Structures are given as structure tokens and as C-alpha cells.
Amino acid sequence: MQQVRAVIARSKDAPVELVTINVPDPGPGEAVVQVQACGVCHTDLHYRQGGINDEFPFLLGHEAAGVVEAVGPDVTDVAPGDFVVLNWRAVCGDCRACNRGEPQYCFATHNATQKMTLEDGTELSPALGIGAFAEKTLVAAGQCTKVDPSARPAAVGLLGCGVMAGIGAAINTGGATRGRSVAVIGCGGVGVAAVAGAALAGASPIIAVDIDAKKLETARSMGATHTVDSSQTDPVAAIKEIAAQTYPGAEGADIVIEAVGRPETWKQAFYARDLAGTVVLVGVPTPDMSVPELPLIDVFGRGGSLKSSWYGDCLPSRDFPMLVDLYQQGRLDLDAFVTEEISIDGVEAAFERMHHGDVLRSVVVL
């Protein structure tokens, strides 16, 4: 066991604290990772505010990259010295999804068995089973995905959650490709990543929708061909008009990605898609939200698909190395998502900047 510095949340809405925690030596199927960088994600704020569950104290942080320091017995996929991006989809290999050849939908992902603790022995609940606002963290070995060791940790670590969620929503869930139009409603970190994913796939036009001019500018820099300020313009009408300019007769975009997580914007996405088009919900709603009332004849008559995208329907072992290679080739600008690098004691201030929409990602660098 060793002691390291880490950021925890002790109670709902209380400021985070920088404390010393105990990290056990890895047991069977586990690995200790020396964290090099970890993004400050909105999910961490949800944990701090009690929006995920009430299993305080939480060890926050989950969008991370680092170097494997030690592994437990029976671990063969990673070894000490490997540079890895951490993920929260350590597939089990034996659930219905895994057995039918779709491990990206694994229903039984797993985490480390042992618990990290405070100095007094109080067990910590690691965010998404990772807890990487820490100098070192204990995870299941399956949560470690080896990638090119020359890649910038602050950039590629973001594949651990938000960037992968957005890119995957466009490519894996939505099926973006050449000859298809894509609209993205909500251009925070996940939405901008969805724009980047659509651009990677060759979709066009790519329509970015938001109420913030800075976010729309960022979306354009990541591949959006058109932008819509929905505080000034009806986004449904605008998406329909832009799609029809490229594909005469289109009644909306082929794929509309909702990256806000609100009933109003989901309803906009529903009506902004073309006939037989696809709506992808990747924005995370709160438990009290419901699907807005829709005439059932519209659900039936418009055809197509209404999907949710959980972690971009990614398979880390397949998707992370590919996306890191694209980044290294200059074809995917992960650096653009890193607004600032901060120290481990700057997480609370980063939450405040996130709340005001000032950053795509603050990244803790250790």
C-alpha cells in the first residue's frame, strides 16, 4: 500500500478537498496506474453534487491517461511501463452482449475489487470506477487501454469519457458517413466531439446548434460546415433548410445528435431529422426528466431510429488506439479540446469555469 494526494468530495455541494489517500497494492486482475493527466468532466461535478448517487466520499476524476506502475496476478494485457488511457468499460467477456459479439454493449463491466481509502480507513467511491484526480489510482486491468506512448497525456486522456462519447455518438451510434447530413444540438465538449466525429466520417453538411457564439466558433473549427444560433433562430427550421440545400427534398438532417440532455432539445432533434433519420441522445438527462409528449403518429410516420449513446457505444480496445493514431497523424485535433492545464489543487475552480461555459476541458496535469 502507498499514500498519494487525491481530490475527494465528502458531501453534496461541498467544495472538493485535496487529501492523502491509501492506494492498495494490486490484487488479481487489478493495476495501479501513475496518473499523468485527467480531464475535469461534468460527470465529476454530478458526483460532487450527489447527482449520481449518495455513496460519499467520492474520489473524483475519470478522463485520464498514465503509466502502469504495477499489476496483480493473472494480468496479461498490460504490464508495468505501458502508457494507457483509462476507461470505464472493462468488458466482462461473458454477458449476453459479449457472447453475441457486441462487447461494446457489455452489461457487466467491472472495476477493481479492492477499495482505496482515506488515511483513517474510510472507503472511497471512485468516479466511474476510476478515481483519477490522484497521483496514482487502482483500477481493474481491463480499464487500461494501451496506446502510443509518444502521445500527449492531457489530450489523449480525454478519450476516457467526453471526447469518446461525442465521436462515438456520431460514428458508432449514429452511423455518420459520406452522403449523410449531421446536426449536433449543444456544442459543449461532447457536442464538439460529435462534430469532429462527423467530420472524420466525411459527413456533410455538419450543422452545429448552440446559443453561445464562442461554442459555435469552436464547432466550426472542428468541422462544422454551418452554425445555428438557436437563441435567435428556430433550429428545427434552420436544420431543415440547410439539409435541403445539399439534398433537395430532405426534410431534415439524416442524423441529429442531442448533446444537451434536455426534453426541449430532444424534441427539437426529433423534428429536425429527415424521414427515416436517426436521433441520437448523448447528452445526460437528470432522473426527473421525461421524453416530451409527442403524437404517436409522428413517431410512427417519420420512421427511422431513436437511440441513446452510452459512452459513444465504444469498445476501448478497438477505438482508443485508432483515435490516438489519427491524433498523431494530425487528422484529429485532440489538443483543441484542452483549454487549460491545471494543478491538482485547481479542480474546484475548474468546476466554476465549466459552469460558466468558459472551457471545453480543464485538464489536471500531475
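Which residues is Phe 337 in contact with, leaving aside its neighbours within four places in sequence? The points below answer this and go on to other parts of the model.

1. **Phe 337.** This is a predicted model. Leaving aside neighbours within four places in sequence, Phe 337 is in contact with Leu 158, Val 163, Gly 189, Val 192, Ala 193, Met 222, Leu 360 and Arg 361. Follow those numbers along the chain, then find each residue in the structure.

2. **The cores.** The largest nonpolar core has 88 residues. Four of them touch the most other members: Val 156, Ile 257, Leu 334 and Phe 337. There is also a second, separate core of 17 residues. Among its members are Ile 242, Val 256, Ala 269 and Phe 270. In soluble globular proteins, nonpolar side chains tend to be buried together.

3. **An open sheet.** Five strands form an open sheet with mixed pairing. Their order is β7-β2-β1-β4-β8. The edges are β7 (117–118) and β8 (125–126), and each of these strands pairs on one side only.

4. **Pairing inside the sheet.** Start at β1, residues 2–9. On one side, β1 runs antiparallel to β2 (residues 17–23), and 7 bridges join them. Gln 2 has Val 23 of β2 as its bridge partner. β1 also pairs with β4 (residues 58–59), in the antiparallel sense, over 2 bridges. Here Ala 9 has Phe 58 as its bridge partner. Now move to β2 and β7: they run antiparallel and are joined by 2 bridges. Ile 21 stands opposite Leu 118 in β7. In a regular strand the side chains alternate between the two faces of the sheet.

5. **Thr 137.** Is Thr 137 buried or exposed? Thr 137 counts as buried, because its relative accessibility is 0%. This residue lies in strand β9, residues 136–140. The side chain of Thr 137 reaches the backbone oxygen of Ile 130 at 2.6 Å. Beyond neighbours within four places in sequence, the contacts of Thr 137 include Val 23, Ala 31, Val 32, Val 33 and Val 35. Leu 86, Met 116, Ile 130 and Gly 131 are also in contact with Thr 137. Val 23 has come up before, as the bridge partner of Gln 2.

6. **Helix α11.** Which residues of α11 are buried? In this helix, residues 347–355, they are Val 347, Ala 350, Phe 351 and Met 354. Seen down the helix axis, these buried residues fall within an arc of 105°, so they line one face of α11. What covers them includes β1, α1 (42–48), β17 (340–342) and β18 (362–365). Strand β1 thus links this point to the sheet, where it sits between β2 and β4 in the order. Just after α11, Gly 357 takes a positive phi of about 70°.

7. **Cysteines.** How many disulfides are there? The count comes to 0. A disulfide is a covalent bond between the sulfur atoms of two cysteines. Why does Cys 95 not form one? The closest cysteine sulfur, in Cys 98, is 3.7 Å from the sulfur of Cys 95, which is too far for a bond. The cut-off used is 2.5 Å. Cys 95 is buried, with a relative accessible area of 10%. Cys 314 is in no disulfide either; the nearest cysteine sulfur, that of Cys 161, is 9.4 Å away. Cys 314 also counts as buried, at 0% relative accessibility.

Note on methods. Residues numbered from 1 in each chain as written. Predicted model: local features only at pLDDT ≥ 70, side-chain atom pairs only at ≥ 80, totals over all residues. Heavy atoms only, no water. Pairing = 2+ DSSP bridges. Helix = DSSP H or I, 4+ residues; strand = E, 2+ residues; numbered from the N terminus. Buried < 20%, exposed > 50% of the residue type's maximum accessible area, 1.4 Å probe, protein only. Polar contact = N/O pair within 3.5 Å; in protein donor to acceptor, adjacent residues only side chain to side chain. Contact = heavy atoms within 4.5 Å. Arc of directions from axis to C-beta. Core = buried A, V, L, I, M, F, W, Y, C linked by side-chain atoms within 4.5 Å.
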